[in-house]
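Work through the exercises below with the structure open beside the text. Each task is followed by its solution in steps.

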Amino acid sequence: MPDHETMLEIKSVSKAFPGTQALDNVNLVVRRGEVHAILGENGAGKSTLMLILAGVHPKDSGEILLEGRPIEIQNPHHAQSLGISMVHQDLSLAPSLSVAENMFANRQPLTRLGLIDFPTLYQQTEEALAPFELATDPRTMVRDLSVAFQQVVEIATALSRNAKVLILDEPTSALTAHETTILFRIISRLRDQGVTTLYITHKLSEVMEIADRFTVLRDGQVMGTLDTKDATEDDIVRMMVGRELSHYFPDLGRVTEDCLFEVKNLNGRTFRDVSFRLYRGEVLGIAGLAGAGRTDMARAIFGAEPLLSGEILISGQQVTIHSPADAVNLGLGYVPEDRKQAGLFLSLSVRENTVAASLRQFSSFIFMDHRKALAAVTDMVKSLDIKTPSLEQQVMNLSGGNQQKVMLAKWLVIKPKVLIVDEPTRGVDVGVKADVHQLLRDLAARGVGVIMISSELPEVLGMSDRILVMREGRIVGEMTHDRATEENVMSYAAGVQAA
Amino acid sequence: MDPTSIKAIAVESRQAERDAAAARRRPIGWLGRILRVREMFLVIILLLIIIVMSAFDPGFRSAANVRATLLGFSMEAMVAIGMTMLLVSGGFDLSVGANMALAGMVTAQALKFGVPVVPCVLAGLAVGTAAGLLNAWVVAKVGVNALIATLGTMTIVRGIALTIWAGQPVINLPEEFRGMGQGVVGGIFPVPFIILIVLTAVFDILMRRGRWFRQLYFVGGSDKAARLSGINVTRIRIITYVAAGLLAGLAGVVSTSRLGAGYPNSYDPTALRVISGAVIGGCSLFGGEGSVVGSVMGVLFIAMLLDIMVLRGVSPYAQGIVQGVALILAVVVDIWTKRQAARG
């Protein structure tokens, strides 16, 4: 390959963290102006590699060449000045500052007195955002922006620093399909302008859509780099997991006529007039764009948010739910989308997390029955195939996928009648995803009603016996599994087609 | 790429953006919106108090009372400037009161030894700076939680002052030192108040428009994000703790000058009052928010509240109750506005 085509070259880079060899002799060539996807299961080393490029971690050994010149990246600031900018998965913006100050942090234009020149700052911000045609008031506080817009601000920030190499770490994990489309348009325009993009993702469809080439990492080693047009999704999965995955979604089960759970005319802060039924054995998918009121509705049903009016019936009996405690007593479980903050006690052990919702079940009088609890936890760890060195391991040390399983285990212990799962496979790898899907299907087969909120269309379509689509707080569409297509779910969600 | 389709998406997203922002703002209501501009809210409240009290209570509008109130709150407000920098960057300091006492004692003792005024004042400032350095080291370098660390330094510094002087004050300080705390400009403005106004003006402008100082908002908004943006978080934390210590030292020296004596066991409620005032003035205990002017007005608000209590003949023992309620209310409002903002 001629030299001028190579933007970035990584030669035999290794990196060890205590207990793991995160990167083992990694070689990678990135061409100028390409969109290069970096793939791999959780823990494969893709984030570590990118964080080394971004100056967050130092490498142990090896060499990095940028435009043919060897570079030693000292820290994030140095990486940026070399032209390498990373948009982190947990966005790195200060929520209570304006868009302008976030974009020009530490390099705001100054007046002659050495103070920040705000008029010029706002003007520069507008200019920097203009190419994205998503102009907003530069004075807007970042916390008033959607996640998608914050992402755009980060990308614009990177480019305003004259980034030659842009690293995006799972940029779509918090975006809806619609927002993802916008992001992809932006990425392809950047490619036209000669910006090189490294794109970490779990989503194979995105690789096929946006990437020119991709590299798969497994256990810290490069499994190979291919042109996207020469590969299929099956090839990628094989490279990632080292085995064939015959199908991605479990077969549908048998839905009964037995109405397990019903809500009538629910009204809440961000949703209106929501009514639906859930039958025994059913997986009910709830699709919609971010901000459509799906999570608020689920939280309100679970008593975690005020319900302004409406009725909830379990097995035909009207029930009152004022708090999550009420909901749990009635046999409801809720697996939130935000596992780090709302779903898990990160500093507690696998055992403690698993029994967190069922302490009463394992107590006699006021003391815990540890033997009984331990038996239940052991059982869960085995049946869900949770990979942990011991039951006493702190949950924060597990991989994202195993954390997700612990969260599910917590609710399975109470043997719920209805389980609400919110984005059940966000940020987990292909293997765990399949496990979670199989698990939800098994639960449904055992008579549990499963309500699954998901922004991933293939998941909603592949898993749901029936799909409800929400938009602006209302249910605007309902379709059975065989009628649902990506197109009609999306058109309901985006409001293109009247309900 | 088709430019018109991008335009369409852009328009659509912008509309969605506006809707989302509007939805987020709506439940906060008029009260929340005023609270968002906390300085304005405070100005109105303070003006109301002044107008109402002046109309009903001649004692309140007397030159003596105005002078006493301005003098009383000035030292605490100096401490509040440093506290604002700390709160904005996500830290805080409970040791400021003890710090003031030790700085004042060192200055007082040096004066008693016959050392000229200027070196004595500098010695006091050095003590405050040293205490700030100790906090900075424990919090920023070692990584001890700010509450525990400054609770520890608070008792250490207080203990040092009490041990050295065996709990006894140093009184009868020389006349030439007293001008700093007891002087009056224009018949009504005490010198400490003038010092405060200058410091407030300088630090408020720096916190609003100084590039270095704006970094405090990033650090307080998200420690991790600041680090990833290439900001040297540790260095910033060290400098803010040292600056807060220096300002507390200054307040201690000025206060000692005003009293004409150093008291090793004084200024106990300062930290509580200053943090309350800062939070009332718009600082967030979660970091990332606050302004110097807001904090100074918050401290003034508490000072006026206490002044009114004294004028109304309320038992001085009840002051603690009012201060405690004010602090908790301010924090509740902080949490409440956060919760409203986080929803939607």
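## Exercise 1: a helix and its buried side

In helix α8(B) of this predicted model, the buried residues are A149(B), T150(B), T153(B), M154(B), V157(B), R158(B) and A161(B).

Task: State where these residues sit around the axis of α8(B), and find what they pack against.

Solution.
- Step 1. The buried residues cover an arc of only 155° around the axis, so they are on the same side of α8(B).
- Step 2. On the other side of α8(B), I148(B) and T163(B) are exposed.
- Step 3. The partners of the buried residues are α6 (96-112) and α7 (117-142) of chain B.
- Step 4. Check the length: α8(B) has 19 residues (146-164), which should span 27 Å at 1.5 Å a residue, and the 27 Å between its end C-alpha atoms agrees with this.

For the setting, chain B holds 16 helices and two strands, and 45% of its 344 residues are buried.

## Exercise 2: two residues with positive phi

Task: For A166(B) and S315(A), give the place in the chain and decide how exposed each residue is.

Solution.
- Step 1. Most residues other than glycine have a negative phi.
- Step 2. A166(B) is not a glycine, yet its phi is positive, about 50°. S315(A), also a residue other than glycine, has a positive phi near 45°.
- Step 3. A166(B) comes just after α8(B), in the loop between α8 and α9 (175-182) of chain B. S315(A) is in the loop between β14 (307-314) and β15 (317-319) of chain A.
- Step 4. The cut-off for exposed is 12 or fewer other C-beta atoms within 10 Å. A166(B) has 7 and is therefore exposed. S315(A) has 13 C-beta neighbours inside 10 Å and so counts as partly exposed.

## Exercise 3: an enclosed strand

Task: Decide whether strand β8 (residues 196-200) of chain A is enclosed or open, and name residues that pair with it.

Solution.
- Step 1. Five of the five residues of β8(A) are buried, so the strand is largely enclosed by the rest of the structure.
- Step 2. In a regular strand the side chains alternate between the two faces of the sheet.
- Step 3. T196(A), L198(A) and I200(A) are buried on one side of β8(A), and T197(A) and Y199(A) are buried on the other, so both faces are covered.
- Step 4. Strand β3 (residues 35-39) of chain A pairs with β8(A) in the parallel sense over four bridges; H36(A) has L198(A) as its bridge partner.
- Step 5. Strand β7 (residues 165-169) of chain A runs parallel to β8(A) and is joined to it by five bridges; here L168(A) is partnered by Y199(A).

## Exercise 4: an open sheet

Task: Which are the edge strands of the sheet β16-β19-β20-β13-β21-β22 in chain A, and which helix packs on this sheet?

Solution.
- Step 1. The sheet is open, with six strands and mixed pairing.
- Step 2. β16 (332-335) and β22 (474-480) of chain A each pair on one side only, and these are the edge strands.
- Step 3. Neighbouring strands are turned by 20° against each other on average, direction ignored.
- Step 4. β16(A) pairs in the parallel sense with β19 (residues 418-422) of chain A over four bridges, with Y334(A) opposite I420(A).
- Step 5. Helix α17 (residues 486-494) of chain A packs on the sheet and touches β13 (283-288), β21 (466-471) and β22 of chain A. The direction of α17 makes about 30° with that of β21(A).

Note on methods: Residues numbered from 1 in each chain as written. Chains lettered and ligands numbered in written order. Predicted model: local features only at pLDDT ≥ 70, side-chain atom pairs only at ≥ 80, totals over all residues. Expected span 1.5 Å × (residues − 1). Buried ≥ 20, exposed ≤ 12 C-beta atoms within 10 Å, placed from the backbone. Arc of directions from axis to C-beta. Contact = placed C-beta atoms within 7 Å. Pairing = 2+ DSSP bridges. Axes fitted to C-alpha atoms, helices over the stretch in contact; angles between N-to-C directions.
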